[in-house]
Amino acid sequence: MAASATAGVFFANTRSLCFRKAESSKRLLQPFKPEAVSDIGFVASQLGGIKISYDMSSQLPKSISISSPPALQPIVARRICPFTGKKSNRANKISFSAHKTKKLQFVNLQYKRVWWEAGKRFLKLRLSTKALKTIEKNGIDAVAKKAGIDLRTL
């Protein structure tokens with residue numbers, strides 16, 4: 001009795017797993033390779049008989065143009081006074097042992113309703129306390145003109 005003629009051999013390949021009966025001891029056994037894609041575009045799985053469809057005729061166009069609206073960016077109020085141009089200052093935080101670490105000193109920005117006499121209405125502004133003092137002293141029209149801000153758009 002030839003043991004190789006009746007024994008089964010299990011082949012493991014990265015593409016397929018199959019159990020194949022050995023036919024003769026003289027012939028070298030090769031792992032079973034899945035069949036190529038047929039004319040209709042189906043590949044049959046050897047394990048469960050599942051058909052996986054793949055259309056070989058359709059290819060993506062070389063240039064894809066998708067017209068989509070621009071991505072919405074979150075509106076974040078910057079910590080800069082529009083009237084004076086004041087912004088954060090980099091400083092050292094010095095500990096008791098004189099160890100220096102960097103920190104930010106932010107501007108004292110406040111939301112304030114300011115009466116605009118020429119426009120006969122209130123303007124809600126976010127400005128520094130220094131700009132508030134300057135507006136009280138010189139008037140909002142003069143400060144806005146010096147900063148290059150059009151109050152009609154606010």
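Here is a short guided tour of this structure, stop by stop.

**Before you start**

This is a predicted model, in which local features need pLDDT of at least 70, side-chain atom pairs count only at pLDDT 80 or more, and totals for chains, interfaces and linings use all residues. Residues are numbered from 1 along each chain as its sequence is written, and side-chain values use heavy atoms, with hydrogens and water left out.

**Stop 1: the whole protein**

Show everything as a cartoon. You have 3 helices and 8 strands in view; helices (H or I, at least four residues) and strands (E, at least two) are DSSP runs, numbered from the N terminus. Following the chain from the N terminus, the order is α-β-β-β-β-β-β-β-β-α-α.

Now colour by pLDDT, the predictor's confidence in each residue, from 0 to 100. The average is 74, and 55% of the residues score at least 70. Select residues 1-11 and you will find pLDDT under 50 throughout.

**Stop 2: Arg113**

Select residues 109-116, which form strand 7, and pick out Arg113 in it. Is Arg113 buried or exposed? Arg113 is exposed, because its relative accessible area is 54% (buried means under 20%, exposed over 50%, partly exposed in between, with a 1.4 Å probe and protein chains only).

Next, add Phe122, Leu123 and Lys124: Arg113 is in contact with these, leaving aside neighbours within four places in sequence. Contact means heavy atoms within 4.5 Å. Try Leu125 too: 12 residues separate it from Arg113 in sequence, while their C-alpha atoms are 6.2 Å apart.

**Stop 3: Ser128**

Move on to Ser128, in strand 8. Ser128 counts as buried because its relative accessibility is 2%. Show Cys81, Thr84, Lys86, Val107, Asn108 and Leu109 to see what Ser128 touches, not counting residues up to four places away in sequence. Across the protein, 15% of the 154 residues count as buried.

**Stop 4: the largest pocket**

Which residues line the largest pocket? Select Ala77, Arg78, Ile80, Pro82, Phe83, Tyr111, Lys124, Leu125, Arg126, Ile149 and Leu154. On a 1 Å grid over the protein atoms alone, a pocket is an open set of points where a 1.4 Å probe fits, with protein on both sides within 12 Å along at least five of seven lines; lining residues have an atom within 4 Å of a point.

Strand 8 (residues 121-128) gives the most to this lining, with 3 residues. Colour the lining by type and you will see 8 nonpolar residues, no polar ones and 3 charged.

How values were computed: Nonpolar A, V, L, I, M, F, W, Y, C, P; charged D, E, K, R; others polar.
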